[in-house]
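User: Please take a close look at a single part of this structure and explain how it fits into its surroundings. A connected account would be preferred to a list.

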Amino acid sequence: MYEVRVEDDFAAAHFLNDYHGKCENLHGHNYKVFVHVQGAKLDEGGMLLDFSVLKSALKEVLNKIDHTNLNDIKKFSQNPSAERIAEYIYENLIIALKEKNIDVSQTSNNIKIKQVDVFETDKNRARFIP
């Protein structure tokens, strides 16, 4: 089994409606995102998935939420937790890669997105595992 990981970052604001504490207030983070892709077979060039293709797709997804108020995105139901952000990135990354003719969905025969990690800080991470 092979695995590759890329990382990128974005900045965004949010608040948590159903949280009782200072995170109820509008605030922001400089998020760091790690995407892990796994598969059993390498392509003719000896790669699971070209890093540049994966990084480009991740950048497309993150550009949609960079410097936004995440509460404005319906998917988050006014509670854009790091867990929900990781799931959002996963779902949109599948779409972005599919547009590049790369299937990383859970029904793919080879490569799959294994997990998406979203760090709100260097010490706090949420992970989405499909």
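The request below concerns one strand and its neighbours.

User: Which strands does β3 pair with, in what sense, and is β3 mostly covered or exposed?

Analyst: The model is a predicted one, and the description that follows should be read in that light. Strand β3 belongs to an open sheet of four strands, arranged in the order β1-β2-β3-β4 with antiparallel pairing. The edges of this sheet are formed by β1 (2–14) and β4 (125–128), each of which pairs on one side only. On average, neighbouring strands of the sheet are turned by 20° against each other, direction ignored.

On one side, β3 (residues 112–119) is joined to β2 (residues 27–39) by seven bridges, and the two strands run antiparallel. Within this pairing, lysine 32 stands opposite phenylalanine 119 of β3, while valine 37 has isoleucine 113 of β3 as its bridge partner.

Helix α2 (residues 82–98) packs on the sheet and touches β3 as well as β1, β2 and β4. The direction of α2 makes about 140° with that of β3.

β3 also pairs with β4, again in the antiparallel sense, over four bridges. Here valine 118 has alanine 126 in β4 as its bridge partner. The connection between β3 and β4 is a hairpin, made through five residues.

As to its surroundings, β3 is mostly covered, with six of its eight residues buried.

Key:
Residues numbered from 1 in each chain as written. Predicted model: local features only at pLDDT ≥ 70, side-chain atom pairs only at ≥ 80, totals over all residues. Heavy atoms only, no water. Pairing = 2+ DSSP bridges. Axes fitted to C-alpha atoms, helices over the stretch in contact; angles between N-to-C directions. Contact = heavy atoms within 4.5 Å. Buried < 20%, exposed > 50% of the residue type's maximum accessible area, 1.4 Å probe, protein only.
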